[in-house]
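Hi everyone, thanks for making time. I'd like to walk you through a structure that's new to most of us, so have a look at it while I talk.

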Amino acid sequence: MIALTLSGELPSAARLVVVALVAAAAGVMNAIAGGGTLLTFPALIGLGVPPIVANATSTVALWPGALGSLWGYRRELGGATGWAVRLAIPSVLGGLIGALLLLRTDPATFSALAPWLVLGATLLFVLQAPVLGWIRRRASNLPRDESGTDTANSARSPAVVPHTSTAFVLIFQFVIAVYGGYFGAGIGILMLAALGMAGLTNIHRMNGLKNWAGLCINLVAATTFAASGLVNWPVALAMGVGATAGGYAGSGLAQRVSQATVRRAIAVIGFGSALWLLTRPV
């Protein structure tokens, strides 16, 4: 069992305020463009939270935000029940395995992995725009029925690309879920890519399924971390409050702030954080 510490002591009130503010900024980022974990994870380490504890605490603290995101896309899941059921199984199993792997990882090993995990997640975030562009180009080339609905997403179509089997997509989702349970940042774009390979092109429905699968992954991981005693609860609660407030504020800013500008800022933060984690004294 890994000891629950924050520089050996419970966090001070000032640190909790800083944690809440960082989480609020991450909530705004998530509402506008995603990538909030690229801010919260390095920030928690900078505040003295051990990397494994920071990862587990962030997962627990940000899980309610995933629930809110799913609620926002609930109507889009109405015509995708089959895919929701299929995705739930590998998501839960993979998320559990990833969380258990984290619990069995030596703290020194995870500290060495952390910069590369942040760097990889940042690269995934940068790839999000090209992947979404690919999805939209495919959607624009699909035939449409008389109602204007793309047939690959209609209730009468299996929405599967002929060259990509459902089994492959579900195996890919399992691998994504293992990574998601272990670290998690960047899984959104991986899941969108998987759904794109499955033949879905309606981005709203895909976001709904992505949020559902992410909720399954994070729920089982958060439950595992909470039961293990790995979570720093004062920090998690402060982050939860901040992330909720930031997400609410971000939803209002999303239509007024340039997403491209926010995405560039998040990429700079991610690459800068990875460089800092690589060069910081341990």
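**A walk through the helices**

Let me start with one residue: at 40% relative accessibility, Thr-109 counts as partly exposed. You'll find Thr-109 in helix α5, which covers residues 107-140. Now look across to Ile-52: Thr-109 and Ile-52 are 57 residues apart along the chain, and their C-alpha atoms are separated by 9.9 Å.

Okay, let's zoom out. Please keep in mind that this is a predicted model. How many helices and how many strands does the protein chain have? Ten helices and zero strands. So if you read the elements from the N terminus on, you just get α-α-α-α-α-α-α-α-α-α.

A few overall numbers, then. The protein chain has 282 residues, and 49% of them count as buried. Its accessible surface comes to about 13200 Å², with 68% of that belonging to carbon and sulfur atoms. And take the contacts with a separation of 6 or more: 82% of them are between residues 24 or more positions apart.

Next, how far can we trust it? The mean pLDDT of the protein chain is 76, and 73% of the residues reach 70 or more. Residues 1-9 have a pLDDT below 50, although in the model that stretch has 24 contacts beyond near neighbours in sequence. Residues 144-163 are also below 50, and there the model shows 36 contacts beyond near neighbours. Where pLDDT is low, the predicted coordinates should not be read in detail. I'll leave those two stretches alone from here on.

Now, helix packing. Two packed helices are described by the angle between their axes and the distance between the axes. My example is helix α4, residues 81-103, against helix α6, residues 166-182: the angle is about 35° and the axes are 6 Å apart. The crossing of α4 and α6 is right-handed. And what sits in that contact, by class? There are 14 nonpolar residues, seven polar ones and one charged one.

Let's move to helix α2, which I'd like to spend some time on. Is α2 enclosed or open? Helix α2 runs over residues 37-46, and eight of those ten residues are buried, so it is largely enclosed by the rest of the structure. The buried ones are Leu-38, Leu-39, Thr-40, Phe-41, Pro-42, Ala-43, Leu-44 and Ile-45.

Let me pick out Thr-40 from that helix. It counts as buried because its relative accessibility is 1%, and the cut-off for buried is under 20%. What does Thr-40 touch, leaving aside its neighbours within four places in sequence? The answer is Val-22, Ala-23, Ala-26, Ser-58, Leu-62 and Met-239. There's a distance to go with Thr-40 as well: its C-alpha atom and that of Ala-54 are 8.6 Å apart, with the two positions 14 residues apart along the chain.

One of those partners, Ser-58, deserves its own moment. Ser-58 is in helix α3, residues 51-72. With a relative accessibility of 4%, Ser-58 counts as buried. Setting aside neighbours within four places in sequence, Ser-58 is in contact with Thr-40, Leu-44 and Met-239. So what do the lists for Thr-40 and Ser-58 share? Met-239 shows up in both.

Back to α2, this time to Gly-46, which is part of that helix. Is Gly-46 buried or exposed? Its relative accessible area is 51%, so Gly-46 is exposed. Follow the chain and Leu-277 is 231 residues away from Gly-46, yet the C-alpha atoms of the two are separated by 9.2 Å. Just after α2 you reach Gly-48, which takes a positive phi of about 100°.

Last stop: Val-17, in helix α1, which spans residues 13-32. Val-17 counts as partly exposed, at 48% relative accessibility. From Val-17 to Ala-238 you go 221 residues in sequence, but C-alpha to C-alpha the two are 7.3 Å apart in space.

If you take one picture home, make it helix α2, with eight of its ten residues buried, and Thr-40 in contact with Ser-58 and Met-239, among others. That's my tour, thanks for listening!

Methods. Residues numbered from 1 in each chain as written. Predicted model: local features only at pLDDT ≥ 70, side-chain atom pairs only at ≥ 80, totals over all residues. Heavy atoms only, no water. Helix = DSSP H or I, 4+ residues; strand = E, 2+ residues; numbered from the N terminus. Buried < 20%, exposed > 50% of the residue type's maximum accessible area, 1.4 Å probe, protein only. Contact = heavy atoms within 4.5 Å. Areas by Shrake-Rupley, 256 points an atom, 1.4 Å probe, with all protein chains shown as cover. Axes fitted to C-alpha atoms, helices over the stretch in contact; angles between N-to-C directions. Left-handed = near helix turned anticlockwise from the far one by under 90°. Nonpolar A, V, L, I, M, F, W, Y, C, P; charged D, E, K, R; others polar. pLDDT = per-residue confidence, 0-100.
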